[in-house]
Amino acid sequence: MAQINTQNFDFEEYLKETKKVVEEALDSSLSPEKPEILRESMRYSLLAGGKRIRPILCLASCSLAGGDPKLAVPTAVAIEMIHTMSLIHDDLPAMDNDDLRRGRPTNHKVYGDAVAILAGDALLTRAFEMVSLRSPDVDSVRLLNVVGELSLVAGAPGLVGGQVVDLECEGKKVDLETLEYIHLHKTGALLKACVRTGAMIAGADERLLAALTSYAEGIGLAFQIIDDILDVTASSETLGKTAGKDLLADKTTYPKLLGLEESKKRALNLVKKAKEAIIPWGENANYLISLADYITNRDR
Ligand code: GRG
């Protein structure tokens, strides 16, 4: 896998190569799974494509911290499993009730609600197995810290808490502070874990972890603002999920509260601040800096 090459920095090539590593690792991560229907349902969502931003952030962060990104691959896979589980559960009738995800019918549309819930559960637990039992050559104290970080993010202090507040706010008027609370938990927390765990595997010190935390808080909110903008401006075909859903569900979004132009400005400003947090790491920060721009310039 590509180490940071500061002489001939080619972000597109890095992205392509790292995505390939991630896809291969995801493909070989799911075994043995029985019965067959569970295996199919887990593979259906995990291998359905997706931008793979989270695992790439994790590997890029490990590189920034001076580690061998190969060592962080099981953690990167674990993060994509947690993310995929959250998408499967988010799409269920009791939550967002969506039919389309990653360009295909949602998991429960194909396998039914019960198997979809269980496939999500199995992905979540497999994520912890990836870190604790399938991460050879990584110091066990570092792995324990990664497990701790991921358990905080997946639970009430992270994804679950954010989702509950989001559900509670449905159909209600929401202020900017509550909106940011929801997104910092639903979206920001996992992005933060990506960069922190990648660096933890490399043995990063507190100063770097704090800088990466600031970076992630910036890109986390920016990511969600862009998500809200794309919901208004892009097609379902491009997004691979139902466009215009926020408007239809009467959800409070950044464009609704601030307007499209102001939302875009806010995202750019957050990304600028995010990049500033890691600039002291010089050329080693190149990939994370380019990933921050990639997040704001994406079209899906
Ligand atoms: C059951 C432990 C447990 C947690 C689940 C359902 C839930 C709690 C949380 C919902 C979290 C959620 C779906 C947040 C939205 C995050 C988001 C912006 C997703 C889209 O990410 P992309 O654009 O998607 O990276 P791809 O498909 O490219 O990976």
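Hi everyone, let's start with the parts list: the protein chain has 15 helices and two strands. Please keep in mind that this is a predicted model.

First, the overall form. The chain's radius of gyration is 18 Å, which agrees with the value near 19 Å that a compact globule of 300 residues would have. If you lay a box along the principal axes, the C-alpha atoms fill roughly 50 × 45 × 35 Å. How much of the chain is buried? Buried residues make up 53% of the 300. The contacts tell us about the fold too: taking those with a separation of 6 or more, 73% are between residues 24 or more positions apart.

Now the outside. The chain exposes about 13,400 Å², and carbon and sulfur atoms supply 54% of that area. As for charge, there are 35 positive and 44 negative charges, and their mean positions lie 1 Å apart.

Let's go inside. In soluble globular proteins, nonpolar side chains tend to be buried together. Here, the largest nonpolar core has 90 residues, and the members touching the most others are L57, Y215, L288 and L291. Which helix gives this core its largest share? That is α10, residues 206-233, with 14 residues.

L288 is a nice one to click on. Setting aside residues up to four places away in sequence, L288 touches L57, A60, S61, L64, V195, L212, Y215 and I278. Two of those names, L57 and Y215, were also on the list of core members with the most partners.

While you're there, have a look at S290, in helix α15, residues 286-297. Is S290 buried or exposed? Its relative accessible area is 14%, under the 20% cut-off, so S290 counts as buried. Beyond its neighbours within four places in sequence, S290 is in contact with F9 and F11.

Next stop, helix α8, which runs over residues 159-168 and has L159, G161, G162, Q163, V165 and D166 as its buried residues. What covers them? The cover includes α4 (73-90), α7 (140-154) and α9 (176-201).

Over to helix α6, residues 113-133, where we find A127. A127 has 0% relative accessibility, so it counts as buried. Which residues does A127 contact, apart from those within four places in sequence? They are A78, M81 and I82. With A78, the C-alpha to C-alpha distance is 4.0 Å, although A127 and A78 are 49 residues apart in sequence.

Finally, the strands. G103 sits in the loop between β1 (100-101) and β2. With a relative accessible area of 52%, over the 50% cut-off, G103 is therefore exposed. How far is G103 from T242 in space? The two are 9.2 Å apart, C-alpha to C-alpha, with their positions 139 residues apart in sequence.

P105 belongs to strand β2, residues 104-105. Its relative accessibility is 44%, so P105 counts as partly exposed. Leaving out neighbours within four places in sequence, P105 is in contact with Y44, D99, L100 and V110. R126 makes a contrasting pair with P105: they are 21 residues apart along the chain, and their C-alpha atoms are separated by 23 Å.

If you take one picture home, make it the 90-residue core with L57, Y215, L288 and L291 touching the most other members. Thanks for listening!

How values were computed
Residues numbered from 1 in each chain as written. Predicted model: local features only at pLDDT ≥ 70, side-chain atom pairs only at ≥ 80, totals over all residues. Heavy atoms only, no water. Core = buried A, V, L, I, M, F, W, Y, C linked by side-chain atoms within 4.5 Å. Buried < 20%, exposed > 50% of the residue type's maximum accessible area, 1.4 Å probe, protein only. Helix = DSSP H or I, 4+ residues; strand = E, 2+ residues; numbered from the N terminus. Contact = heavy atoms within 4.5 Å. Rg over C-alpha atoms; globule rule 2.2 N^0.38 Å. Areas by Shrake-Rupley, 256 points an atom, 1.4 Å probe, with all protein chains shown as cover. Lys, Arg positive; Asp, Glu negative; His and termini not counted. Charge placed at Lys NZ, Arg CZ, Asp CG, Glu CD.
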